[in-house]
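Reader: I have a model open on my screen and would like to learn how to read its features. Could you walk me through some of them?

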Amino acid sequence: MHPLLLSFDFEDWHQLVQRRLGVADWDVRGEALERQTATTLDLLDELDAKATFFLLGITARRYPDLVREIVARGHEPASHGFGHERIHRQTEDEFRRDVEASAGLIEETAGRRPVAYRAPAFSINRNTPWAYDVLAAAGFRYDSSQYDSPRVPNRIGAIPQAPYRLELAGGAQLWELPVSVVQVGGRRVPIGGGSYWKLLPQPLLLRALRRAARLSAHPVLYFHPYECDPEPLRARLPSRPSWRQRLTAAERSGWRNLRREAVPARLRSVAREFRLLSYEQAYDEIDEYYGTRTRSLSREGVLVRPPLRRGARGAADAAPGALPPS
């Protein structure tokens, strides 16, 4: 069975929405994430699957017991940053503090310092190439912040469909594990998670994942705990909400509640055909399999192949998206 790398962005939807609405006590613990996490972990046990959980700092701070349960059930703790602020809205120093706060809290809570990172809303883009240097300096070995989706603004160009090693200007290196897309009619269609998992018919989704598996030995999927829970999301409003707050809450919950049953059902179907693994289960294999498949960032924010060292062969010579020779 071909592997798929499974990941979850561990964040409290209600916490984030209430902060956006300006609710005074947004940073409180709620019951919904407890239920959503239990449902997600039970589903993964049922599927005999492990996942990488990208833990958001403000959520891990309020739910340390859930973080410890995730690790106790055999899943990998990784960083989703601390405050869920998009990186292109931060300065380099602000991002460095955010990353360090997240990594330190995860290490304290989970007992392990994370080696993988995912930016909120996939927000490492052409304006923030310095984010990779910050991550490498903080000890991260892997990033999974690239998703070649039209919903990601100003995204980095020429993102490969398979993992690659990013060579940074200062000499450091960082592995990138991009979330899966496939080429359909000359356009890239994001199939790694999100809305496409709800909207695409299941046979079409499975066909797309098979195509992704032909182009990458390690396609990446991503979800959220609330997507595995049958209970609808309903944002808590202040006692006297404004029309703008009502509208924002309705918009946020309406889209997220669309076809809530789709993700668990499709994960069960996918698990019959693919092996669902955490990133850490594949780290050594990725290092060995894609060891010479390198990229660097041009000034225009496009991924290019750096000049090959004398005698270098293999994956760096392959066409974009092609599997390196076994």
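Author: Gladly! Let's start with strands: two strands pair if DSSP finds at least two bridges between them. Keep in mind that this is a predicted model.

Reader: Then how many bridges join strand β8 to strand β9?

Author: Four bridges join β8 (residues 181-184) to β9 (residues 187-190), and the two strands run antiparallel. Across the pair, valine 182 stands opposite valine 189 in β9.

Reader: And what do β8 and β9 form, with how many residues between them?

Author: They form a hairpin with two residues between the strands. Look at glycine 185 in the turn, where phi is positive, about 60°.

Reader: Let's move to helices. How do I read which way the residues of a helix point?

Author: The general idea is this: an α-helix has 3.6 residues a turn, so residues three or four places apart point the same way. Now try helix α11 (residues 279-289), whose buried residues are Tyr279, Ala282, Tyr283 and Ile286.

Reader: Why are those buried residues on the same side of α11?

Author: Because they cover an arc of only 140° around the axis. On the other side of α11, Asp284 and Glu288 are exposed.

Reader: How do I judge single residues? Is threonine 37 buried or exposed?

Author: The cut-offs help here: buried means under 20% relative accessible area, and exposed means over 50%. Threonine 37 has a relative accessible area of 3%, so this residue is buried. You will find threonine 37 in helix α2 (residues 31-46). Leaving aside neighbours within four places in sequence, threonine 37 is in contact with Phe10, Leu66, Ile70 and Pro225.

Reader: And leucine 247, buried or exposed?

Author: Leucine 247 is exposed, because its relative accessible area is 52%. This leucine belongs to helix α9 (residues 243-257). Its C-alpha atom is separated by 11 Å from that of alanine 235, and the two residues are 12 residues apart along the chain.

Reader: Last one: at what angle do helices α5 and α6 pack?

Author: Helix α5 (residues 92-110) and helix α6 (residues 130-137) pack at about 35°, with axes 10 Å apart. The crossing in which α5 passes α6 is right-handed. From α5, the contact is made by Glu92, Phe95, Arg96 and Val99, and from α6 by Trp130, Ala131, Val134 and Leu135.

Reader: Which classes of residue make up the contact of α5 with α6?

Author: By class, six residues are nonpolar, two are charged and none is polar.

Technical notes:
Residues are numbered from 1 along each chain as its sequence is written. This is a predicted model: local features need pLDDT of at least 70, side-chain atom pairs count only at pLDDT 80 or more; totals for chains, interfaces and linings use all residues. Side-chain values use heavy atoms; hydrogens and water are left out. Buried means under 20% relative accessible area, exposed over 50%, partly exposed in between (1.4 Å probe, protein chains only). Axes are lines fitted to C-alpha atoms, for helices over the stretch in contact, and angles run from 0 to 180 degrees between N-to-C directions. A crossing is left-handed if the near helix is turned anticlockwise from the far one by less than a right angle, and right-handed if clockwise. Contact means heavy atoms within 4.5 Å. Ala, Val, Leu, Ile, Met, Phe, Trp, Tyr, Cys and Pro count as nonpolar, Asp, Glu, Lys and Arg as charged, and the others, Gly among them, as polar. The arc is that of the directions from the helix axis to the C-beta atoms.
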